[in-house]
Amino acid sequence: MLYFLTDAAAGAQGDGGMGMIIMLVVMIGIFYFMLIRPENKRKKEAEQLRSGVKVGDKVTTIGGITGTVVNVKDDKFVIETGADQVRIEFCKWALSTNDTAAAAAAEAKKKAEEAKAKEKAAKKAEKSNKDNK
């Protein structure tokens, strides 16, 4: 095994280190697409979630507390939990999920899929009508 490592090092010195530079660039590219880019995407989605919270949304905090938003300020929001109407104020960074927005997104996705299925069925029926004539 040591022979292969020394042989590779000798080969890298022979071509001026171009191979090592290429490998370094490839590794940086892999790190960017596998680690940095997805993390930035998650941060952007979390920021949109926090900035999009509004009164009436059902939310869950990072501590697991669920409730309905009753007031939204610049960097804080107040939720009302349970039947006893306890109100608790949280910083927006403590927001984990917005169940109302998630349900609305799921409903929109379902409607889009149904519309796509209807369109596909209409095209299929149109094609079969042409074939029958």
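Which residue in β4 is the bridge partner of F77? Hold on to that question, everyone, and I'll take you there by way of the whole chain. One thing to say early: what you see above is a predicted model.

Let's start with the overview. The protein chain has three helices and five strands. If you walk along from the N terminus, the elements come in the order α-α-β-β-β-β-β-α. There are 133 residues in the protein chain, and 14% of them count as buried. About 10,800 Å² of the protein chain is exposed, with carbon and sulfur atoms supplying 61% of that area. As for contacts between residues at least 6 apart in sequence, 32% of them join residues at least 24 apart.

Now, the sheet. The five strands form an open sheet, and their order across it is β4-β3-β2-β1-β5, with antiparallel pairing. At the edges stand β4, residues 86-91, and β5, residues 95-98; each has a single partner strand, so one side of each is left without a neighbour in the sheet. On average, neighbouring strands here are turned by 45° against each other, direction ignored.

Let's go through some of the pairings. Strand β2, residues 66-72, and strand β3, residues 76-81, are antiparallel and share four bridges. One place to look is T68, whose bridge partner in β3 is E80. The connection from β2 to β3 is a hairpin through three residues.

Moving on, β3 and β4 are also antiparallel, this time over six bridges. And here is the reply to my opening question: the partner of F77 in β4 is F90. The hairpin of β3 and β4 has four residues between the strands, and in that hairpin G82 takes a positive phi near 65°.

On to the other edge. Strand β1, residues 58-61, runs antiparallel to β5, and three bridges join the two. Within that pairing, T61 has L95 as its bridge partner in β5. How far apart are T61 and L95 in sequence and in space? They are 34 residues apart along the sequence, and their C-alpha atoms are 4.5 Å apart.

Let me stay with T61 for a moment. Is T61 buried or exposed? T61 counts as buried, because its relative accessibility is 3%, under the 20% cut-off. Leaving out residues up to four places away in sequence, T61 touches F77, I79, F90, A94, L95 and S96.

Another threonine to find on your screens is T81, in strand β3. T81 is buried too, with a relative accessible area of 13%. Beyond its neighbours within four places in sequence, T81 is in contact with I65, T66, G67, V86 and I88.

That brings us to the nonpolar core. The largest one has eight residues, namely V53, V59, V69, F77, I79, F90, A94 and L95. So F77 and F90, our pair from the opening, both belong to this core. Setting aside neighbours within four places in sequence, the contacts of F77 include V59, V69, F90 and L95, and also T61 and N71.

Last topic: charges. Side chains of opposite charge can pair when their charged atoms come close. How many salt bridges does the count come to? The count comes to five, and I'd like to show you some of them.

First on my tour is D57, which forms a salt bridge with K54; the closest N and O atoms there are 3.5 Å apart. D57 counts as buried, at 3% relative accessibility.

Next, please find E80 again, the bridge partner of T68 in β3. E80 forms a salt bridge with R87, with the closest N and O atoms 3.1 Å apart. R87 is exposed, and its relative accessible area is 55%.

Finally, let's visit helix α3, which spans residues 99-132. In this helix K123 and E119 lie four residues apart, about one turn of the helix. Their side chains meet in a salt bridge, at 3.7 Å from N to O. K123 counts as exposed at 55% relative accessibility, whereas E119 counts as partly exposed at 48%.

To recap, picture the open sheet of five strands, the core of eight residues that includes F77 and F90, and the salt bridge between K123 and E119 in helix α3. Thanks for listening!

Terms used
Residues are numbered from 1 along each chain as its sequence is written. This is a predicted model: local features need pLDDT of at least 70, side-chain atom pairs count only at pLDDT 80 or more; totals for chains, interfaces and linings use all residues. Side-chain values use heavy atoms; hydrogens and water are left out. A salt bridge is a side-chain nitrogen of Lys or Arg within 4 Å of a carboxyl oxygen of Asp or Glu. Buried means under 20% relative accessible area, exposed over 50%, partly exposed in between (1.4 Å probe, protein chains only). Two strands pair if DSSP finds at least two bridges between them. Axes are lines fitted to C-alpha atoms, for helices over the stretch in contact, and angles run from 0 to 180 degrees between N-to-C directions. A nonpolar core is a set of buried Ala, Val, Leu, Ile, Met, Phe, Trp, Tyr and Cys residues joined through side-chain atoms within 4.5 Å. Contact means heavy atoms within 4.5 Å. Accessible areas come from the Shrake-Rupley method with a 1.4 Å probe; for residues, only the protein chains shown count as cover.
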